[in-house]
Amino acid sequence: MDWEKRKDGKPMYHACEEHIELAMDIIIDEHEAAPIIEKYTEEKSLSTVCSFCEKPAIYHISK
Ligand SMILES: [Zn+2]
């Protein structure tokens, strides 16, 4: 199990409101694990771009 390798807690994807579901699907498909979703603070959100489009990311998803 490669869970340990991800202990650095780095998010795998950033997602805006529109792409959160897509990101979840990808993680579930690729890793067969329930993703961990956390909401960015407003400040952080403005400096982070969605992994799937150009919008500010609202969530980050890791497994
Ligand atoms: Zn997006």
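Helices (H or I, at least four residues) and strands (E, at least two) are DSSP runs, numbered from the N terminus. Residue numbers start from 1 along each chain as its sequence is written. The model is predicted: local features need pLDDT of at least 70, side-chain atom pairs count only at pLDDT 80 or more, and totals for chains, interfaces and linings use all residues.

**Exercise 1. State the secondary-structure content of the protein and the confidence of the model.**

Step 1. The protein contains two helices and three strands.

Step 2. Along the sequence these elements follow the pattern β-α-β-α-β.

Step 3. Confidence is given by pLDDT, the predictor's score for each residue, from 0 to 100. Its average over the protein is 84, and 83% of the residues score at least 70.

Step 4. Residues 1-6 have pLDDT under 50. For this stretch the model has two contacts beyond four places in sequence, where a contact requires C-beta atoms, placed from the backbone, within 7 Å.

**Exercise 2. Describe the sheet and the helix that packs on it.**

Step 1. Strands pair if DSSP finds at least two bridges between them. The three strands form an open sheet in the order β1-β3-β2, with antiparallel pairing.

Step 2. β1 and β2 are the edge strands, each pairing on one side only. The average twist from one strand to the next is 25°.

Step 3. α1 packs on the sheet, where it touches β1 and β3. The direction of α1 makes about 5° with that of β3; axes are lines fitted to C-alpha atoms, for helices over the stretch in contact, and angles run from 0 to 180 degrees between N-to-C directions.

Step 4. β1 and β3 are joined by three bridges, and A15 stands opposite Y59 in β3.

Step 5. Between β2 and β3 there are four bridges. Here I37 faces I61 of β3, while E38 faces H60 of β3.

**Exercise 3. Identify the largest nonpolar core and the elements that supply it.**

Step 1. A residue is buried if 20 or more other C-beta atoms lie within 10 Å of its own, exposed if 12 or fewer, and partly exposed in between, with C-beta atoms placed from the backbone. Of the 63 residues in the protein, 21% are buried.

Step 2. A nonpolar core is a set of buried Ala, Val, Leu, Ile, Met, Phe, Trp, Tyr and Cys residues joined through C-beta atoms within 7 Å. The largest one has 10 residues: Y13, A15, C16, I20, A23, I27, C50, A57, Y59 and I61.

Step 3. β1 (13-15), α1 and β3 (59-62) each give two or more residues to this core. The largest share, three residues, comes from α1.

Step 4. One core member, I27, is in contact with M12, A33, P35, I61 and K63, leaving aside its neighbours within four places in sequence.

**Exercise 4. Locate L22 and A34, and classify each as buried, partly exposed or exposed.**

Step 1. L22 lies in helix α1. Because 16 other C-beta atoms are within 10 Å, L22 is partly exposed.

Step 2. F52 is 30 residues from L22 along the chain, yet their C-alpha atoms are separated by 8.8 Å.

Step 3. A34 belongs to the loop between α1 (20-31) and β2 (36-39). A34 has 10 C-beta neighbours inside 10 Å and therefore counts as exposed.

Step 4. A34 and S62 are 28 residues apart in sequence, with a C-alpha to C-alpha distance of 9.1 Å.
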